[in-house]
Amino acid sequence: MKIDWAALGSVFGVSLVVTVGLVTLFTLGIMGLSRQERATAEGGSATLAVTGAYACFAACAAAVAYGISLIVV
């Protein structure tokens, strides 16, 4: 049995980058929602922050759905 170390390293690298990207997107979404709460408490509106937060959450959901489709198909 021979291990293809280059392919293993490639899979590890891509997995690491995608994981960090998803965590970053989710964090940006949470930050957007917290800015909306802060703006509401101060009497303002933060529609751009909320729209960005929902876009980040949608991108996370799409990435997860794509990953699941790669596993299933």
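A disulfide is a pair of cysteine sulfur atoms within 2.5 Å. By that criterion, this predicted model contains zero disulfides.

**The cysteines.** Select cysteine 56 and cysteine 60 and display their sulfur atoms. The cysteine sulfur closest to that of cysteine 56 belongs to cysteine 60, and because the separation is 6.9 Å, the two are too far apart for a bond. Viewed from the other partner, cysteine 60 likewise takes part in no disulfide, its nearest cysteine sulfur being that of cysteine 56. Next, colour by accessibility: cysteine 56 has 13% relative accessibility and therefore counts as buried. Cysteine 60, at 10%, also counts as buried.

**The helix pair.** Now select helix 1, residues 5-41, together with helix 2, residues 47-72. Their axes lie 8 Å apart and the packing angle is about 155 degrees, so the two helices run roughly antiparallel to each other. The crossing of helix 1 over helix 2 is left-handed. To inspect the contact, show the side chains of helix 1 residues including Leu22, Leu25, Phe26, Leu33 and Arg35. On helix 2, the contacting residues include Ala49, Val50, Tyr54, Phe57 and Ala63. Both cysteines visited above, Cys56 and Cys60, are among the helix 2 residues that make this contact.

**Threonine 51.** Finally, centre the view on threonine 51, which is placed in helix 2. Draw a distance from its side chain to the backbone oxygen of threonine 47, and the value is 2.8 Å. Then add tryptophan 5 to the selection: 46 residues separate it from threonine 51 along the chain, and their C-alpha atoms are 43 Å apart.

Definitions and conventions
Residues numbered from 1 in each chain as written. Predicted model: local features only at pLDDT ≥ 70, side-chain atom pairs only at ≥ 80, totals over all residues. Heavy atoms only, no water. Buried < 20%, exposed > 50% of the residue type's maximum accessible area, 1.4 Å probe, protein only. Helix = DSSP H or I, 4+ residues; strand = E, 2+ residues; numbered from the N terminus. Polar contact = N/O pair within 3.5 Å; in protein donor to acceptor, adjacent residues only side chain to side chain. Axes fitted to C-alpha atoms, helices over the stretch in contact; angles between N-to-C directions. Parallel < 35°, antiparallel > 145°, perpendicular 65-115°, else oblique. Left-handed = near helix turned anticlockwise from the far one by under 90°. Contact = heavy atoms within 4.5 Å.
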